[in-house]
Amino acid sequence: MNGIIYKLKCKSTDDFYIGSTKNLNKALQNIKCLVKQGRNTPLFDFIRNNGGMDNFEKSIILYCDNDKLDNFKQQQINLLNPSLNIRIPLQTRREYNIKNREKHNAYKRGRKIECIYCNKIYARDSINRHYKTKKHLINKAKHEIKIIVV
Ligand SMILES: [Zn+2]
């Protein structure tokens with residue numbers, strides 16, 4: 001019974017997050033660390049932009065068996081509908097931002113487009129070729145892995 005479902009609630013808004021862990025102190029420490037490191041996920045971004053972990057109330061919702069953590073977490077998410085557990089829509093928004101930024105850069109630099117995965121600028125004519133290169137695909141995959149890990 002050392003599984004814990006916990007809640008992180010922002011003190012200045014109604015936004016909250018439901019997490020699951022076997023070690024609450026370690027989980028909170030880990031989040032704090034990743035927020036500081038500048039890791040980009042919807043949750044970390046939100047915490048960073050809203051006063052950091054000090055501005056969040058931590059509370060335990062329930063204890064459960066370790067092997068049921070995922071079930072209970074999902075159950076509580078369905079029940080409480082936490083605003084900060086939403087991943088897919090924000091990820092879509094991120095993709096949108098990336099595309100938008102590319103468009104903006106293209107506009108700004110005339111016929112040049114920045115590949116945000118590789119941090120390099122390419123002529124519009126050659127960017128499609130660049131998108132197929134191994135180097136680009138590796139950079140892109142790395143970037144996507146970073147987004148998915150919470
Ligand atoms: Zn690239």
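Two strands count as paired here when DSSP finds at least two bridges between them. Keep that in mind as we walk through this predicted model.

**The whole chain**

Start with everything shown as a cartoon. You should find 6 helices and 5 strands. Follow the chain from the N terminus and the elements come in the order β-β-α-α-β-α-α-β-β-α-α. If you colour by burial, buried residues make up 12% of the 150 residues. Among the contacts with a separation of 6 or more, 53% join residues 24 or more positions apart.

**The three-stranded sheet**

Now select residues 3-10, which are strand β1, along with 16-21 for β2 and 56-64 for β3. Together you have an open sheet of 3 strands, ordered β2-β1-β3 and paired antiparallel. Since β2 and β3 each have a single partner strand, they stand at the edges, and one side of each is left without a neighbour in the sheet. Look along the sheet to see its twist, which averages 20° from one strand to the next.

Zoom in on the β1 and β2 pair, where 6 bridges link the strands in the antiparallel sense. Which residue of β2 stands opposite Lys9? Select Phe16 and you have it.

**The helix across the sheet**

Next, add residues 69-80, helix α3. This helix lies across β1, β2 and β3, and runs at about 165° to β2. Try a distance between its end C-alpha atoms: they are 16 Å apart, in agreement with the 16 Å that 12 residues should span at 1.5 Å a residue. Step one residue past the helix to Asn81, where phi is positive, near 50°.

**The hairpin**

Move on to residues 112-115 and 120-123, strands β4 and β5, which pair antiparallel over 4 bridges. Pick Lys112 and look across to β5: its bridge partner there is Ala123. The two strands form a hairpin with 4 residues between them.

**Last stop: Asn119**

Finish in the loop between β4 and β5 by selecting Asn119. In this turn, Asn119 has a positive phi of about 55°. Is Asn119 buried or exposed? It is exposed, because 8 other C-beta atoms lie within 10 Å of its own, and a residue counts as exposed at 12 or fewer. Before you leave, select Asn139 as well: the C-alpha atoms of Asn119 and Asn139 are 9.7 Å apart, with these positions 20 residues apart along the chain counted as their separation.

Key. Residues are numbered from 1 along each chain as its sequence is written. This is a predicted model: local features need pLDDT of at least 70, side-chain atom pairs count only at pLDDT 80 or more; totals for chains, interfaces and linings use all residues. Axes are lines fitted to C-alpha atoms, for helices over the stretch in contact, and angles run from 0 to 180 degrees between N-to-C directions. Two residues are in contact if their C-beta atoms, placed from the backbone, lie within 7 Å. The expected span of a helix is 1.5 Å times one less than its number of residues. A residue is buried if 20 or more other C-beta atoms lie within 10 Å of its own, exposed if 12 or fewer, and partly exposed in between; C-beta atoms are placed from the backbone.
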